[in-house]
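Here is a set of short exercises to work through with the structure open beside you. Try each task before reading its solution.

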Amino acid sequence: MCQLLGMNANTPTDVMFSFAGLARRADEHKDGFGIAFFEGRGLRHFIDCRSARSSPVADLVKRWPIRSEVVVAHIRKATQGRVALQNTHPFVRELWGRYWVCAHNGNLEGFAPRLHAAFRPVGDTDSERAFCWLMQELAKAHAGVPTVDELSRTLRELLPAIARHGSFNLLLSNGQALWAFATTKLYSLQRRHPFGAATLADEDLSVDFAALTRPSDRVAIVATEPLTTGEDWDPFAPGELRVFEHGVQRAQPE
C-alpha cells in the first residue's frame, strides 16, 4: 500500500516533522516518492523514482525550509505501472489557471475512461488515468472557476464512479483547499490551540508545537496511517470525502 500525506493550514506551516515520519515508511514503500507544496498560486514539485530513504532529492527536500498552506506528498509501492519518473506521484495538471495536484493510494481494475486531448496520462498508472478523468469531468461540469463548495459537490458525484473499480484513497488540491477521499484507509488530524507535543510513530522524534505556533494557527493533517502517537487521529468512513480549508475541516455542503 502506498502512503499518503496531506497538509492544509491557515498560515504557511513547516511540514517537515510529518514528512520525516512519512519517509521512515520508505523501506517497504521504495518505488519512488514525491512532494508538492503551494506558494500562493505557485507550486514547487519534487519527485524521484528512488526510495525516499536513499534519494538525493529527498535529502534536498528535508533540508528545504518548506512553509506552505497546502502540501501533498506520496511514498510509492507500485501496483500498476513500472517504477519510473513519469509514474511517480503526486501528478500535476493545470485547470482554470491553477495548478492541481493529485496523489492516489490503491488499485483500480478495468478503469479505462475515454480521455480527450486536454488531459492525457504521461505514464501508465491507474492513478494518473483517474486524475486525468477527474480534471476532464470537472472542466466539463463548470464553465468558470467554481467555489470550494461547488467543487466539493461535483467531486462527491464523480469520485464514487472511480471507486467502483477498486481501492481508491485520494488527495487532491488546487492550493485553495485539500480534498481527501477514502475507500479503505485514511486518517485526519486537526491541530489547534492549545497546541501540545507530538511524537512520531515510526521514529524517536518529538516536537512541541506550542513553542512554534500562535493561538490563531490551524493545521489539518491527512495520512494513510497515523503519523504520531498521543494525538486524536480520526479514521475516514468508506466512501467519505473530507474537505479542508484554512486548516479546518469544512462542513459538507448541502
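**Exercise 1. Find where Pro90 sits, and describe the peptide bond that leads into Pro90.**

Solution. Please keep in mind throughout that this is a predicted model.
- Step 1: Look between strand E4 (67-75) and strand E5 (91-95); the loop there holds Pro90.
- Step 2: Check the bond from His89 to Pro90, which is cis, with omega near -5°.
- Step 3: Now try another proline, Pro194, in the loop between strand E9 (187-192) and strand E10 (197-200). His193 and Pro194 are also joined by a cis peptide bond, and omega is about 0° here.

**Exercise 2. Work out the sign of phi at Trp96 and at His246, and place both residues.**

Solution.
- Step 1: Trp96 belongs to the loop between E5 and E6. Its phi is near 55°, a positive value in a residue that is not glycine.
- Step 2: His246 lies in the loop between E15 and strand E16 (248-249). Although His246 is not a glycine, its phi is positive too, at about 55°.

**Exercise 3. Does Glu245, at 16% relative accessibility, count as buried or exposed, and which residues does Glu245 contact?**

Solution.
- Step 1: Locate Glu245 in strand E15 (residues 240-245).
- Step 2: Compare its value with the cut-off: buried means under 20% relative accessible area. Glu245 has 16%, so Glu245 counts as buried.
- Step 3: Set aside neighbours within four places in sequence; the contacts of Glu245 are then Asn8, Val148, Gln176, Ala177 and Arg250.

**Exercise 4. Check the length of helix H3 (residues 126-141), then find what covers H3.**

Solution.
- Step 1: Take the 16 residues of H3 at 1.5 Å a residue, which gives an expected span of 22 Å. (The rule multiplies 1.5 Å by one less than the number of residues.)
- Step 2: Compare this with the model, where the end C-alpha atoms of H3 are 22 Å apart, in agreement with the expected span.
- Step 3: Turn to burial: twelve of the 16 residues in H3 are buried, so the helix is mostly covered. Among them are Ala130, Phe131, Trp133, Leu134, Met135 and Leu138, and also Asp126 and Glu128.
- Step 4: Look for the packing partners of these buried residues, which are strand E5 (91-95), strand E6 (98-108), helix H4 (148-163) and strand E7 (166-173).

**Exercise 5. Which residues have the most contacts inside the largest nonpolar core, and which elements give two or more residues to this core?**

Solution.
- Step 1: Begin with a general idea: in soluble globular proteins, nonpolar side chains tend to be buried together.
- Step 2: Find the largest nonpolar core, which has 30 residues; Trp100, Phe168, Leu172 and Trp179 have the most contacts inside it.
- Step 3: List the elements that give two or more residues to this core: E5, E6, H3, H4, E7, strand E8 (178-182) and E15.
- Step 4: Add the second core, which is separate, has 22 residues and includes Ala9, Ala58, Val71 and Leu189.
- Step 5: Zoom in on Leu172. Residues up to four places away in sequence aside, Leu172 touches Trp100, Val101, Cys102, Phe131, Met135, Leu155, Ala177, Leu178 and Trp179.

**Exercise 6. Describe the geometry of two of the five aromatic pairs in the structure.**

Solution.
- Step 1: Recall that a pair of aromatic rings is described by the distance of the centres and the angle of the planes.
- Step 2: Start with Trp96 and Trp100, whose ring centres are 6.3 Å apart and whose planes meet at 65°, so this pair is edge-to-face. The angle passes the cut-off, since planes over 60 degrees apart count as edge-to-face.
- Step 3: Go on to Phe111 and Trp133, which also form an edge-to-face pair, with 5.9 Å centre to centre and 90° between the planes.
- Step 4: Place these two residues: Phe111 is in the loop between E6 and H3, while Trp133 is in helix H3, so the pair ties together parts 22 residues apart in sequence.
- Step 5: Check burial. Phe111 is buried at a relative accessible area of 7%, and Trp133 is buried at 13%.
- Step 6: Return to Trp96 and Trp100, which form one aromatic cluster with Trp179.

Key:
Residues numbered from 1 in each chain as written. Predicted model: local features only at pLDDT ≥ 70, side-chain atom pairs only at ≥ 80, totals over all residues. Heavy atoms only, no water. Helix = DSSP H or I, 4+ residues; strand = E, 2+ residues; numbered from the N terminus. Buried < 20%, exposed > 50% of the residue type's maximum accessible area, 1.4 Å probe, protein only. Contact = heavy atoms within 4.5 Å. Core = buried A, V, L, I, M, F, W, Y, C linked by side-chain atoms within 4.5 Å. Phe/Tyr/Trp six-rings, centres within 6.5 Å; stacked < 30°, edge-to-face > 60°.
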